[in-house]
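Reader: I am new to this model. Please take me through one part of it at close range, and keep it brisk.

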Amino acid sequence: MSDEPNAAMRLLWGPPPKPTRGPKPALSPAGIAEAGIEIADSEGLAALSMQRIAGALGYTKMSLYRYVPGKAELIALMVEQAMGEPPASQEGDWRGQLGDWARRLYAVFAHHPWLLDATVGPRPIGPAEVSWMERGVSALAHTRLTGAEQLDALALLAGHARGIAVQARASSQPESQLTAVLGELMTTHRDRFPAVATAMASVAESGGQNQALEFGLDRILAGLDALIAERADPC
């Protein structure tokens, strides 16, 4: 019922509709997207349909098509609305800014797990997502990284945030559960996997699980820091 990406791009980037005389319309693209988000948050994207949203809003499915041409456009609007505004620009070094950026991105994925499925592959991208990119790139703008490296740095940080969010979606305590399972296995298979058994014993003694997000961020940012330092002007 739509011309695919073009219709979504018009909804995401086009000017807002001009106000008309008479009563304010009961439906809107934003309101329809919000209803879709509520369903996806509780049941996932598989439960999403125009019919389901129409029922939740108390309208017919055909009435929704006056505002949102189809499911693809609906998901694009949902992504835009769920992503929201990026973290505000902060004073301080690029490393602190990017660390905050990645943590906030992880929080968005954790709050709306269906975004992990909706933000893969070729698709329409709206102003909210580009604003997140702008915020991240601007933190690196005054470093000696090239433009390509700046974008790759964001891709690396976003990929790390996504990966941890995928684990969190699969289980509320992914690392601790894995630790428990491996710990039991190592009691009988220690001779076969001595390195893993030793590492697991260390975790049991000193803790340290459920730190993958921060550990990964520290390592990525430290690597970028080293690269930027290599290109600094000699004293």
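Start with R123. What is the relative accessible area of R123? Then show me what surrounds that spot.

Author: One caution comes before the answer. This is a predicted model. Now to the residue. R123 has a relative accessible area of 25%. That value makes R123 partly exposed, because the class runs between 20% and 50%.

R123 has a charged partner. The side chain of R123 meets that of E129 in a salt bridge. The distance from N to O is 2.7 Å. The partner is less open to the outside by class: E129 counts as buried, at 13% relative accessibility. The 13% falls under the 20% limit, so the label follows. One end of this bridge is thus partly exposed, while the other is buried.

Both residues also belong to a pocket. The second largest pocket has a volume of about 360 Å³. Its lining has 15 residues. R123 and E129 are among those closest to the centre, along with W101, M133 and A158. Three elements give two or more residues each to the lining: α6, α8 and α9. Helix α9 spans 147-170. The largest share, five residues, comes from α9. What kinds of residue form this lining, by class? There are 11 nonpolar residues, one polar residue and three charged residues.

Stay with W101, another of the residues closest to the pocket centre. The structure has one aromatic pair by the rule used here. W101 and W132 make that pair. Their ring centres are 6.1 Å apart, and their planes stand at 65 degrees. The arrangement is called edge-to-face, because the angle is over 60 degrees. Where do the two rings sit along the chain? W101 lies in helix α6, residues 94-111. W132 lies in helix α8, residues 127-140. The partners are 31 residues apart in sequence, so the pair ties together separate parts. Both rings belong to buried residues. W101 is at 5% relative accessibility. W132 has a relative accessible area of 4%.

Now follow α9 outward from the pocket. It takes part in further charged contacts. The structure holds seven salt bridges, and the R123 and E129 contact is one of them. In another, R169 pairs with D117, with the closest N and O atoms 2.9 Å apart. R169 is in helix α9, and D117 is in helix α7, residues 115-118. They are 52 residues apart, so this pair links distant parts of the chain. Both ends are partly exposed: R169 at 39% relative accessibility, D117 at 43%.

A third bridge joins E149 and R231, where the closest N and O atoms are 2.5 Å apart. E149 also lies in α9. R231 sits in the segment after α12, a helix at 212-230. The gap in sequence is 82 residues, so this bridge ties those parts together. E149 is partly exposed, with a relative accessible area of 23%. R231 is partly exposed too, at 30%.

Two more contacts put a charge over a ring. The charged end of R162 sits over the ring of F109, 5.2 Å from its centre. For R219 and the ring of F215, the distance to the centre is also 5.2 Å.

Back to your residue, then. R123 is partly exposed, is bridged to E129, and is among the residues closest to the centre of the second largest pocket.

How values were computed. Residues are numbered from 1 along each chain as its sequence is written. This is a predicted model: local features need pLDDT of at least 70, side-chain atom pairs count only at pLDDT 80 or more; totals for chains, interfaces and linings use all residues. Side-chain values use heavy atoms; hydrogens and water are left out. Rings of Phe, Tyr and Trp (its six-membered ring) pair if their centres lie within 6.5 Å; planes under 30 degrees apart count as stacked, over 60 as edge-to-face and the rest as tilted. Helices (H or I, at least four residues) and strands (E, at least two) are DSSP runs, numbered from the N terminus. Buried means under 20% relative accessible area, exposed over 50%, partly exposed in between (1.4 Å probe, protein chains only). A charge sits over a ring if NZ of Lys or CZ of Arg is within 6 Å of the ring centre and within 35 degrees of the ring normal. On a 1 Å grid over the protein atoms alone, a cavity is a set of points where a 1.4 Å probe fits but cannot get out, and a pocket is an open set with protein on both sides within 12 Å along at least five of seven lines; lining residues have an atom within 4 Å of a point. Grid points are joined across faces, edges and corners, and a volume is the space filled by probe spheres set on the points. Ala, Val, Leu, Ile, Met, Phe, Trp, Tyr, Cys and Pro count as nonpolar, Asp, Glu, Lys and Arg as charged, and the others, Gly among them, as polar. A salt bridge is a side-chain nitrogen of Lys or Arg within 4 Å of a carboxyl oxygen of Asp or Glu.
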